[in-house]
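Please walk through this structure with me, from one helix to the open and closed spaces inside the fold.

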Amino acid sequence: MLTIDKPRFSNVIFDLDGTLLDTLADLADSCNHVCAGHGWPTHDYSAYCYFIGNGAAKLVERAIPESVRGTDLGRQALEEFIAYYEQHKADKTCPYAGMPELVDELKAAGVKIAVLTNKPDAAAGPVMEQYYPGVFGLVQGGLPGVPLKPDPAPVHKLLERMGAHKEHTLFVGDSNVDIQTAKNSSLASCGVLWGFRSRPELEGEGADYIAATPQDLRSIILGK
């Protein structure tokens, strides 16, 4: 009789930006477009690696001058960013090499997979469907009245939707926010090195696993 090894983790929650999709250039270009339009300084992509991770409002707040943060002009900048990004979110964005194949293999192995992102919920589903068509049945973004990552509230909501138990679930992401989210939610965590942040940051946050490649992540999840 054929024996099929059970995966080490039967449920996996993925971050989106910097984990499944390389969205850095489109997010940075959109913020810089807004900044340039107001005559404000723009920023290198390397700076945006640290601006991204806490949702659109925090991204724009970090990009615009301190003097306009929290003002009507700052709120206008956020609206301008959202409108411009909506039109340009697919200019340079692409899946990370090896990730579409990995998530397909996980599904074939019976692993439940979902996405949790701080992007607005209305935007999260369509962007995932564009690059991972028909793959993720559950994509949860920022919801009204629900705190963003690293608060555990969105994780608890997603686990309930998945019908998943914490002890069998791995949270995968590329930033300190993701490792903090996992810790706050009592989940095992895996930091990935192909995204926006560094190994020292992920290890410093206490990631349970580190994956340098999608193949590493495969071994961590499937245990082989």
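What follows covers a helix, a cysteine pair, a pocket and a cavity.

The model is predicted. Start at helix H10, which spans residues 214–222. Which of its residues are buried? They are Pro-214, Leu-217, Arg-218, Ile-220, Ile-221 and Leu-222. Note that a charged residue, Arg-218, is on that list. Several elements help to cover these buried residues. Among them are four strands: S1 (11–14), S6 (169–173), S7 (188–192) and S8 (209–211). Helix H5 (99–108) also takes part in the cover. Just after H10 comes Gly-223, with a positive phi of about 70°.

Now turn to the cysteines. How many disulfides does the structure hold? The count is 0. Take Cys-31 and look for the closest cysteine sulfur. That sulfur belongs to Cys-35 and lies 6.2 Å from the sulfur of Cys-31. A disulfide needs the two sulfur atoms within 2.5 Å, so this pair is too far apart for a bond. The view from Cys-35 matches: its nearest cysteine sulfur is that of Cys-31, 6.2 Å away, and Cys-35 is in no disulfide. Are these two residues buried or exposed? Cys-31 has 3% relative accessibility, so it counts as buried. Cys-35 is buried too, with a relative accessible area of 1%.

Next, the largest pocket. Its volume is about 350 Å³. The lining has 26 residues. Which of them lie nearest the centre? They are Asp-17, Leu-27, Gly-55, Ala-56 and Lys-119. Helices H3 (56–63), H4 (72–88) and H8 (176–184) each give at least two residues to this lining. Strand S4 (112–120) does likewise. By class, the pocket lining splits into 12 nonpolar, 6 polar and 8 charged residues.

Strand S4 also leads to the closed space. There is 1 cavity of 30 Å³ or more. Its volume is about 40 Å³. Which elements give two or more residues to the lining of this cavity? They are S4 and strand S5 (139–142). S4 supplies the largest share, with 3 residues. The lining includes Leu-116, Thr-117 and Asn-118. Gly-141, Gly-142 and Leu-143 also line the cavity. The others are Val-146, Pro-147, Leu-148, Lys-149 and Pro-154. By class, the cavity lining has 6 nonpolar, 4 polar and 1 charged residues.

Conventions. Residues are numbered from 1 along each chain as its sequence is written. This is a predicted model: local features need pLDDT of at least 70, side-chain atom pairs count only at pLDDT 80 or more; totals for chains, interfaces and linings use all residues. Side-chain values use heavy atoms; hydrogens and water are left out. Buried means under 20% relative accessible area, exposed over 50%, partly exposed in between (1.4 Å probe, protein chains only). Contact means heavy atoms within 4.5 Å. On a 1 Å grid over the protein atoms alone, a cavity is a set of points where a 1.4 Å probe fits but cannot get out, and a pocket is an open set with protein on both sides within 12 Å along at least five of seven lines; lining residues have an atom within 4 Å of a point. Grid points are joined across faces, edges and corners, and a volume is the space filled by probe spheres set on the points.
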